[in-house]
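User: I would like a close look at one part of this model: the place where the ligand sits. Please take me through that site, then show me a few spots elsewhere on the chain.

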Amino acid sequence: MATWDCQTQHIVLVGMMGAGKSSVGRLLAERLGRSLYDSDEMIEAREGRTVREIWATDGEAHFRELETQALTDGVTSDEPSVIAAAGGVVLSETNRRILRESDAHVVWLLAGVDLLLGRVQNGMHRPLLDDDPEGTLRQMFETREPLYREVADAIVSVEHRSVHEVAGAVLRCCA
Ligand code: S3P
(Lines give C-alpha, C1' and ligand atoms only; values in the text may rest on other atoms or scores of the structure.)
Protein backbone atom coordinates (compact mmCIF):
# COMPACT_ATOMS: atom_id res chain seq x y z
CA MET A 1 0.00 0.00 0.00
CA ALA A 2 1.39 3.42 -0.94
CA THR A 3 2.28 5.71 1.93
CA TRP A 4 1.16 9.31 2.04
CA ASP A 5 2.80 12.42 3.30
CA CYS A 6 0.33 13.42 5.96
CA GLN A 7 2.12 16.72 6.58
CA THR A 8 1.42 18.07 3.13
CA GLN A 9 -1.01 15.96 1.13
CA HIS A 10 -4.77 16.08 1.06
CA ILE A 11 -6.48 12.85 1.85
CA VAL A 12 -9.46 11.88 -0.28
CA LEU A 13 -11.82 9.09 0.74
CA VAL A 14 -13.67 7.40 -2.11
CA GLY A 15 -16.01 4.44 -2.11
CA MET A 16 -19.57 3.28 -2.45
CA MET A 17 -22.56 4.70 -0.59
CA GLY A 18 -22.47 3.35 2.93
CA ALA A 19 -18.71 2.66 2.98
CA GLY A 20 -18.29 5.24 5.76
CA LYS A 21 -16.59 8.11 3.93
CA SER A 22 -18.35 10.81 5.96
CA SER A 23 -17.89 9.22 9.40
CA VAL A 24 -14.29 8.17 8.78
CA GLY A 25 -13.59 11.57 7.22
CA ARG A 26 -14.97 13.39 10.27
CA LEU A 27 -12.78 11.34 12.58
CA LEU A 28 -9.65 11.81 10.46
CA ALA A 29 -10.23 15.55 10.24
CA GLU A 30 -10.56 15.68 14.01
CA ARG A 31 -7.44 13.58 14.63
CA LEU A 32 -5.33 15.48 12.11
CA GLY A 33 -6.74 18.91 13.00
CA ARG A 34 -7.77 19.47 9.39
CA SER A 35 -10.83 20.86 7.64
CA LEU A 36 -13.30 18.35 6.29
CA TYR A 37 -14.73 18.76 2.78
CA ASP A 38 -17.74 16.47 2.72
CA SER A 39 -19.25 16.51 -0.76
CA ASP A 40 -22.96 16.05 0.01
CA GLU A 41 -22.83 18.40 3.00
CA MET A 42 -21.07 21.10 0.98
CA ILE A 43 -23.51 20.79 -1.89
CA GLU A 44 -26.54 20.98 0.40
CA ALA A 45 -25.15 23.96 2.33
CA ARG A 46 -24.30 25.87 -0.85
CA GLU A 47 -27.51 25.18 -2.67
CA GLY A 48 -29.75 25.51 0.40
CA ARG A 49 -31.50 22.35 -0.78
CA THR A 50 -31.18 18.66 -0.03
CA VAL A 51 -29.48 16.25 -2.42
CA ARG A 52 -32.91 14.77 -3.08
CA GLU A 53 -34.40 18.17 -3.95
CA ILE A 54 -31.52 19.04 -6.27
CA TRP A 55 -31.81 15.64 -7.93
CA ALA A 56 -35.59 15.99 -8.38
CA THR A 57 -35.53 19.58 -9.65
CA ASP A 58 -32.33 19.81 -11.67
CA GLY A 59 -31.53 16.18 -12.43
CA GLU A 60 -28.52 13.96 -11.96
CA ALA A 61 -26.31 15.70 -14.52
CA HIS A 62 -26.49 18.98 -12.62
CA PHE A 63 -25.86 17.21 -9.33
CA ARG A 64 -22.73 15.63 -10.83
CA GLU A 65 -21.47 19.10 -11.80
CA LEU A 66 -21.89 20.23 -8.20
CA GLU A 67 -19.90 17.16 -7.12
CA THR A 68 -17.03 18.16 -9.40
CA GLN A 69 -17.09 21.67 -7.92
CA ALA A 70 -17.02 20.30 -4.35
CA LEU A 71 -14.12 17.98 -5.21
CA THR A 72 -12.20 20.81 -6.87
CA ASP A 73 -12.71 23.07 -3.84
CA GLY A 74 -11.34 20.36 -1.55
CA VAL A 75 -8.24 19.49 -3.55
CA THR A 76 -7.37 23.14 -4.25
CA SER A 77 -7.71 24.26 -0.64
CA ASP A 78 -4.53 25.86 0.71
CA GLU A 79 -4.18 23.67 3.77
CA PRO A 80 -3.99 19.88 3.52
CA SER A 81 -7.54 18.73 4.13
CA VAL A 82 -9.68 15.63 4.45
CA ILE A 83 -12.11 15.15 1.57
CA ALA A 84 -15.05 12.78 1.81
CA ALA A 85 -15.76 12.56 -1.91
CA ALA A 86 -19.17 11.67 -3.28
CA GLY A 87 -19.79 7.99 -4.03
CA GLY A 88 -20.27 8.74 -7.72
CA VAL A 89 -17.20 10.95 -8.06
CA VAL A 90 -15.25 8.33 -10.03
CA LEU A 91 -17.85 8.16 -12.80
CA SER A 92 -16.52 11.24 -14.50
CA GLU A 93 -13.22 11.19 -16.39
CA THR A 94 -12.74 14.82 -15.36
CA ASN A 95 -12.97 13.90 -11.68
CA ARG A 96 -10.63 10.95 -12.09
CA ARG A 97 -8.11 13.27 -13.74
CA ILE A 98 -8.51 15.79 -10.90
CA LEU A 99 -7.83 12.98 -8.43
CA ARG A 100 -4.78 11.77 -10.32
CA GLU A 101 -3.28 15.20 -10.85
CA SER A 102 -3.88 16.80 -7.46
CA ASP A 103 -1.51 16.48 -4.54
CA ALA A 104 -3.78 14.06 -2.75
CA HIS A 105 -3.59 10.59 -1.36
CA VAL A 106 -6.71 8.73 -2.46
CA VAL A 107 -8.00 5.97 -0.21
CA TRP A 108 -10.71 3.61 -1.38
CA LEU A 109 -12.85 2.45 1.52
CA LEU A 110 -13.77 -1.00 0.32
CA ALA A 111 -16.93 -2.76 1.48
CA GLY A 112 -18.87 -5.64 -0.02
CA VAL A 113 -22.45 -5.14 -1.15
CA ASP A 114 -23.89 -7.15 1.75
CA LEU A 115 -22.36 -4.77 4.27
CA LEU A 116 -23.34 -1.70 2.26
CA LEU A 117 -26.94 -2.87 2.00
CA GLY A 118 -27.29 -2.98 5.76
CA ARG A 119 -26.00 0.56 6.02
CA VAL A 120 -27.94 2.44 3.37
CA GLN A 121 -31.37 2.12 4.90
CA ASN A 122 -31.56 5.82 5.70
CA GLY A 123 -31.73 6.79 2.05
CA MET A 124 -32.63 10.46 2.33
CA HIS A 125 -29.72 11.66 0.22
CA ARG A 126 -29.62 8.53 -1.94
CA PRO A 127 -32.39 8.77 -4.54
CA LEU A 128 -30.59 6.21 -6.71
CA LEU A 129 -31.51 3.54 -4.19
CA ASP A 130 -35.24 4.26 -4.03
CA ASP A 131 -36.08 1.24 -6.18
CA ASP A 132 -34.39 -2.12 -5.75
CA PRO A 133 -31.51 -1.02 -3.52
CA GLU A 134 -29.84 -4.43 -3.60
CA GLY A 135 -29.90 -4.82 -7.39
CA THR A 136 -28.81 -1.22 -7.86
CA LEU A 137 -25.93 -1.52 -5.41
CA ARG A 138 -24.71 -4.76 -7.00
CA GLN A 139 -24.82 -3.26 -10.47
CA MET A 140 -23.18 -0.06 -9.23
CA PHE A 141 -20.39 -1.99 -7.51
CA GLU A 142 -19.62 -3.83 -10.71
CA THR A 143 -19.48 -0.64 -12.75
CA ARG A 144 -17.51 1.40 -10.25
CA GLU A 145 -15.11 -1.15 -8.79
CA PRO A 146 -12.52 -0.73 -11.61
CA LEU A 147 -12.89 3.05 -11.39
CA TYR A 148 -12.23 3.18 -7.64
CA ARG A 149 -9.28 0.88 -8.24
CA GLU A 150 -7.97 3.19 -10.97
CA VAL A 151 -7.83 6.26 -8.72
CA ALA A 152 -6.85 4.59 -5.43
CA ASP A 153 -3.37 5.03 -3.95
CA ALA A 154 -4.46 2.75 -1.13
CA ILE A 155 -7.33 0.37 -0.44
CA VAL A 156 -8.64 -0.01 3.10
CA SER A 157 -11.22 -2.66 3.84
CA VAL A 158 -13.98 -1.56 6.19
CA GLU A 159 -15.28 -5.09 6.75
CA HIS A 160 -15.36 -6.10 10.44
CA ARG A 161 -13.87 -2.76 11.45
CA SER A 162 -15.30 0.11 13.46
CA VAL A 163 -15.03 3.68 12.21
CA HIS A 164 -12.11 4.18 14.63
CA GLU A 165 -10.34 1.09 13.30
CA VAL A 166 -10.79 2.22 9.71
CA ALA A 167 -9.44 5.68 10.54
CA GLY A 168 -6.52 4.00 12.31
CA ALA A 169 -5.79 1.90 9.22
CA VAL A 170 -5.78 5.03 7.04
CA LEU A 171 -3.43 6.79 9.45
CA ARG A 172 -1.03 3.84 9.47
CA CYS A 173 -0.26 4.57 5.79
CA CYS A 174 1.06 7.94 6.90
CA ALA A 175 4.77 8.37 6.12
C1 S3P B 1 -24.29 8.88 -4.73
C2 S3P B 1 -23.88 8.84 -3.43
C3 S3P B 1 -24.48 9.68 -2.38
C4 S3P B 1 -25.04 10.98 -2.97
C5 S3P B 1 -25.94 10.71 -4.13
C6 S3P B 1 -25.28 9.89 -5.24
C7 S3P B 1 -23.68 7.94 -5.71
O8 S3P B 1 -23.51 10.02 -1.39
O9 S3P B 1 -23.99 11.82 -3.37
O10 S3P B 1 -27.06 10.03 -3.66
O11 S3P B 1 -23.89 8.07 -6.92
O12 S3P B 1 -22.96 7.02 -5.25
P13 S3P B 1 -22.82 8.95 -0.37
O14 S3P B 1 -21.74 8.26 -1.11
O15 S3P B 1 -22.31 9.83 0.72
O16 S3P B 1 -23.90 8.05 0.10
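Analyst:

**The ligand site**

The space taken by the ligand is the largest pocket. Keep in mind that this is a predicted model.

Start with the neighbours. The ligand has 14 residues around it. Lys21, Asp40, His125, Arg126 and Arg144 come nearest. What is the make-up of the shell, in nonpolar, polar and charged residues? Six are charged, five are nonpolar and three are polar. Which helix gives the largest share of the shell? Helix α3, spanning residues 51-75, does so with four residues.

Now look at single atoms. Asp40 brings a polar side-chain atom to 2.7 Å from an oxygen atom of the ligand. His125 uses its backbone instead: an N or O atom there lies 2.6 Å from a ligand oxygen. Gly88 also takes part through a backbone N or O atom, at 3.4 Å from an oxygen of the ligand. How much of the ligand does the protein cover? On its own, the ligand has 380 Å² of accessible area, and the protein covers 97% of that.

**Two loop residues with positive phi**

Next, turn to the backbone. Most residues other than glycine have a negative phi. Asp132 is not a glycine, yet its phi is positive, at about 50°. Find Asp132 in the loop between α5 (113-119) and α6 (133-151). Is Asp132 buried or exposed? Asp132 counts as exposed because its relative accessibility is 52%, and the cut-off for exposed is over 50%.

His160 is another residue other than glycine with a positive phi, near 55°. His160 belongs to the loop between β5 (154-157) and α7 (163-172). Its relative accessibility is 81%, so His160 counts as exposed. Follow the chain from His160 to Leu115 and you cover 45 residues. In space, their C-alpha atoms are 9.4 Å apart.

**Two partly exposed residues**

Thr50 sits in the loop between α2 (39-47) and α3. Why is Thr50 called partly exposed? Its relative accessible area is 33%, and partly exposed means between 20% and 50%. Now compare positions along the chain with positions in space. Thr50 and Trp4 are 46 residues apart along the chain. Their C-alpha atoms are separated by 34 Å.

Leu32 is part of helix α1, which covers residues 21-32. Leu32 has a relative accessibility of 28%, so this residue also counts as partly exposed. From Leu32 to Ala167 there are 135 residues in sequence. From C-alpha to C-alpha, Leu32 and Ala167 are 11 Å apart in space.

**Back to the site**

To finish, return to the ligand. Its space is the largest pocket, helix α3 supplies four residues of the shell, and the protein covers 97% of the ligand's own accessible area.

Definitions and conventions. Residues numbered from 1 in each chain as written. Predicted model: local features only at pLDDT ≥ 70, side-chain atom pairs only at ≥ 80, totals over all residues. Heavy atoms only, no water. Near = heavy atom within 4 Å. Polar contact = N/O pair within 3.5 Å; in protein donor to acceptor, adjacent residues only side chain to side chain. Areas by Shrake-Rupley, 256 points an atom, 1.4 Å probe, with all protein chains shown as cover. 1 Å grid on protein atoms, 1.4 Å probe; cavity = no way out; pocket = protein on both sides within 12 Å on 5 of 7 lines; lining within 4 Å. Sits in = over half its atoms within 2 Å of the grid points. Nonpolar A, V, L, I, M, F, W, Y, C, P; charged D, E, K, R; others polar. Buried < 20%, exposed > 50% of the residue type's maximum accessible area, 1.4 Å probe, protein only.
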